[in-house]
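Visitor: I'd like a close look at one part of this protein, please. Could you start with a single serine and then show me around from there?

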Amino acid sequence: MVLYYSATGNTEYIAQEIAKRLDDECLNLLDRIKAKDNSLLRSKKPFVICAPIIVCEMPRFLSDYLENQSFLGSREVYFIFTSGGYCGIAGVLAKKLVEKKMMTYCGHAEFRMPRNYVASDAYSQHTQEEIEERILESHSKLDDVAELIKSGQELSARKVQLWETVVTVPFNPVWVKYKLTAKDFYSTDKCIGCGMCERRCPLNNIKLKDKRPVWGNSCTHCMACIGNCPVEAIEYGDITQKKEKYNFSKYRHLVKDLD
Ligand SMILES: Cc1cc2nc3c(=O)[nH]c(=O)nc-3n(C[C@H](O)[C@H](O)[C@H](O)COP(=O)(O)O)c2cc1C
């Protein structure tokens, strides 16, 4: 069973393509995460958990969710991460999580996808060519990764250096708490009050008030609100106005006829 969380579609695309190649079912965890629904998940085939990277690890709300989740059937768990190119210590933490559940960690694969983090000016935006190159490069890796999973082999990714763990473990909670806040999100008059942002927020941090989104205090900057707004009415401070709001669906045509 392939399970995934995806804010802006990169991970969803990889998860669905892997599931297709494994001839396995594919489950979007968003509704279960939002509802804190940890009802049993059962699969005879290995569990393949797909997640985006948020500050060098899988999103905290996802690892918290998985910690409380019971899995029945297969004891084997693979992870697949999509990132802008650096998955940090995600594999180390995933292994720890799986072993705590007395399951077998079968390694992880990393897919370098377009960076979706528009609410930060720490990175320059990708050009169309870079976006295209990343998506096509990832597409070309799908068969190999699926084949390894199908044949029961371990996935191996870059070896994490000790210093990465030593730096990331104490640094991340502080960064997440003080830098990834929702206070600068707002909606413009383009907002049609459709509630897509509310529905897509994995932390239930957005509520519509007078048909406009209001952000609460828990946010992890996943970009689900800004990246899924159908009229691009969500902005973040003065960082995002001139930027294209990333969503994989804008680029799906690149891979549509490739299989
Ligand atoms: C808040 C935030 C933090 C991120 N941190 C990293 C990171 O540490 N390393 C990296 O390579 N990409 C990082 N990214 C980029 C995403 O991991 C990448 O674009 C991913 O494919 C998005 O997947 P999705 O479309 O399924 O949400 C970050 C994105 C966001 C929004």
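Guide: Happy to! At a relative accessible area of 13%, S63 is buried. Please keep in mind that the model we are looking at is predicted. S63 belongs to helix α3, which spans residues 60-67. If we set aside the neighbours within four places in sequence, the contacts of S63 are M58 and L97.

From this serine, let us turn to the cysteines. C50 is buried as well, with a relative accessible area of 0%. The closest cysteine sulfur to that of C50 belongs to C26, and the 6.9 Å between them is too far for a bond, since a disulfide needs the two sulfur atoms within 2.5 Å. C106 also counts as buried, at 6% relative accessibility. For the sulfur of C106, the closest cysteine sulfur is in C50, and at 14 Å this pair is too far for a bond. In the whole structure there are zero disulfides.

Next comes a pair of helices. Helix α1 (residues 10-22) packs with helix α5 (residues 128-150) at an angle of about 45°, and their axes lie 9 Å apart. That angle makes α1 oblique to α5. The crossing of the two, α1 and α5, is right-handed. On the α1 side, the residues that meet α5 are Y13, I14, E17, I18, R21 and L22. Their partners in α5 are S138, H139, L142, D143, V145, A146, I149 and K150. Sorted by class, this contact of α1 with α5 is made of eight nonpolar, two polar and four charged residues.

Finally, here are two backbone details you may like to inspect as a computational chemist. H221 is not a glycine, yet its phi is positive, at about 60°. You will find H221 in the loop that runs between β10 (212-215) and α8 (224-228). With 5% relative accessibility, H221 counts as buried. E232 is likewise a residue other than glycine with a positive phi, here of about 50°. The loop holding E232 lies between α8 and β11 (234-236). Relative accessibility is 26% for E232, so this residue counts as partly exposed, a class that begins where buried, under 20%, ends.

To return to where we began, S63 sits in α3 and is buried at 13%, with M58 and L97 as its contacts outside the local stretch of sequence.

Conventions. Residues numbered from 1 in each chain as written. Predicted model: local features only at pLDDT ≥ 70, side-chain atom pairs only at ≥ 80, totals over all residues. Heavy atoms only, no water. Axes fitted to C-alpha atoms, helices over the stretch in contact; angles between N-to-C directions. Helix = DSSP H or I, 4+ residues; strand = E, 2+ residues; numbered from the N terminus. Parallel < 35°, antiparallel > 145°, perpendicular 65-115°, else oblique. Left-handed = near helix turned anticlockwise from the far one by under 90°. Contact = heavy atoms within 4.5 Å. Nonpolar A, V, L, I, M, F, W, Y, C, P; charged D, E, K, R; others polar. Buried < 20%, exposed > 50% of the residue type's maximum accessible area, 1.4 Å probe, protein only.
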